[in-house]
Amino acid sequence: MIIVMKLIKENTLFIMWIVAVLATAGSLFFSVIMEFVPCALCWWQRIAMYPLAAILLIGFYQDDKRSILYSAPFIFAGWLISIYHNLVQLKVIPESASPCVSGVPCSEKWINWFGFISIPMLAFFAFTILLSLFLLEIYNNKEFLNAKKS
């Protein structure tokens, strides 16, 4: 367990980039290959996820730990939108309170794996992993918040 935590601590940006790339590839697979039409909330989650693949790759490539701070607004926004989208799909929030007024309804379940995994749930998992790694990195490296890249 200690070895795993050390690997995560030393490679947080890379792991975050892998999560963002897999989530981006997954959303493109569902829309391009499977031809599932994304709803408005799916688009907003994509808007939050897609830039993360670039931001985190550049941060990893340039060894700039501060790039994790640039990713924060996208991670938090995407995470909140995915929570809202899941609540719409679970009928906790009524469909009338969602931004999906035309086209595909936000409550549409294109997939239903194991009885609970839908596309918004996959986005929630990805954003939760990213948020957890972000918070772990902030906790482990408080000094880089004030330091400039050398």
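Start by selecting leucine 52 in this predicted model. Setting aside neighbours within four places in sequence, leucine 52 touches Ala20, Leu57, Ser71, Phe74, Ile75, Phe127 and Leu130. Colour those contacts and keep them on screen.

Now widen the selection. Leu52 belongs to the largest nonpolar core, a group of 21 residues. Residues with the most contacts inside this core are Met16, Leu52, Leu56, Leu130 and Phe134, so try showing those five as sticks. In soluble globular proteins, nonpolar side chains tend to be buried together.

Which elements give two or more residues to this core? Select helices α2 (12–33), α3 (40–61), α4 and α5 and you have them. The biggest giver is α5, with eight residues.

Next, hide everything but α4 (residues 67–89) and α5 (residues 119–140). These two helices pack at an angle of about 145°, and their axes lie 8 Å apart. Turn the view until one helix sits in front of the other: the crossing of α4 and α5 is left-handed. What kinds of residues make up this contact? There are 18 nonpolar, six polar and one charged.

For the last stop, bring α2 back and click on threonine 24, which sits in that helix. Is threonine 24 buried or exposed? Its relative accessibility is 13%, so threonine 24 counts as buried, the cut-off being under 20%. Leave out neighbours within four places in sequence, and the residues in contact with threonine 24 are Met49, Tyr50 and Ala53. Select those three with threonine 24 to finish the tour.

How values were computed:
Residues numbered from 1 in each chain as written. Predicted model: local features only at pLDDT ≥ 70, side-chain atom pairs only at ≥ 80, totals over all residues. Heavy atoms only, no water. Axes fitted to C-alpha atoms, helices over the stretch in contact; angles between N-to-C directions. Helix = DSSP H or I, 4+ residues; strand = E, 2+ residues; numbered from the N terminus. Left-handed = near helix turned anticlockwise from the far one by under 90°. Nonpolar A, V, L, I, M, F, W, Y, C, P; charged D, E, K, R; others polar. Core = buried A, V, L, I, M, F, W, Y, C linked by side-chain atoms within 4.5 Å. Buried < 20%, exposed > 50% of the residue type's maximum accessible area, 1.4 Å probe, protein only. Contact = heavy atoms within 4.5 Å.
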